[in-house]
Amino acid sequence: APAKLGHDRHSWAFDGSCARVWSNTARTWGKKWEPNDVIGCAVDLDARTMSWSINGSFEAPMGVAFEGLAPSCGLVPALTLSAASP
């Protein structure tokens, strides 16, 4: 089966269509995106965190989604879309 973003411990993902984050397992987090929203991602390698924003805002319920990141071979950004995406 093909690998999916966020479906192992070396992958992190935010799914704004259902307000969930993924890294090996899923949990409810953040808020759902709307049509025309701009999604941002920031990684702080010193603090070992990954944060997400909607329309430039990292304020709650957005912000730090993952802590304790330990990328083993660098990071590669990726984006997935579906026909159901707004």
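Is N55 buried, partly exposed or exposed? In this predicted model, N55 is partly exposed, with a relative accessible area of 47%. The residue is placed in the loop between β5 and β6. Although N55 is not a glycine, its phi is positive, at about 55°. A second case is N24, another non-glycine residue with a positive phi, here of about 75°. N24 is found in the loop between β2 and β3. Its relative accessibility is 48%, so N24 counts as partly exposed; the category applies because the value falls between the limits of 20% and 50%. Most residues other than glycine have a negative phi, and most peptide bonds are trans. An exception to the second tendency is also present: the peptide bond that joins A60 and P61 is cis, with omega at about 15°. P61 lies in the loop between β5 and β6, which is also where N55 is placed.

The N-terminal strands form an open sheet. Three strands make up this sheet, in the order β1-β2-β3, and their pairing is antiparallel. The edge positions are taken by β1 (13-15) and β3 (25-28), each of which pairs on one side only. From one strand to the next, the twist averages 25°. Between β1 and β2 (residues 20-23), the antiparallel pairing extends over three bridges. Within this arrangement, D15 stands opposite R20 of β2. The loop between β2 and β3 contains N24, the residue with the positive phi of about 75° described above.

The nonpolar interior was examined next. In soluble globular proteins, nonpolar side chains tend to be buried together. The largest nonpolar core of the model has 11 residues: W12, F14, V21, W29, M50, W52, I54, M62, A65, F66 and L69. Two elements, β5 and β6 (63-67), give two or more residues to this core. The largest contribution comes from β5, which gives three residues.

Contacts around β5 were then considered, with neighbours within four places in sequence left aside. S53 is found in β5, which spans residues 49-54. With a relative accessible area of 4%, S53 is buried, the cut-off for this category being under 20%. S53 is in contact with V38, I39, G40, F58 and M62. I54, a member of the largest nonpolar core, is in contact with K31, K32, W33, D37, V38, I39 and M62. The residues V38, I39 and M62 therefore appear in the contact lists of both S53 and I54. Of these, M62 is itself part of the largest nonpolar core.

I39 lies in strand β4, which covers residues 39-44. At 33% relative accessibility, I39 counts as partly exposed. Beyond residues up to four places away in sequence, I39 touches F14, W33, W52, S53 and I54. Among these partners, F14, W52 and I54 are members of the largest nonpolar core, whereas S53 is a buried residue of β5. The C-alpha atoms of I39 and G16 are separated by 8.9 Å, and the two residues are 23 residues apart along the chain.

Conventions
Residues numbered from 1 in each chain as written. Predicted model: local features only at pLDDT ≥ 70, side-chain atom pairs only at ≥ 80, totals over all residues. Heavy atoms only, no water. Pairing = 2+ DSSP bridges. Axes fitted to C-alpha atoms, helices over the stretch in contact; angles between N-to-C directions. Buried < 20%, exposed > 50% of the residue type's maximum accessible area, 1.4 Å probe, protein only. Contact = heavy atoms within 4.5 Å. Core = buried A, V, L, I, M, F, W, Y, C linked by side-chain atoms within 4.5 Å.
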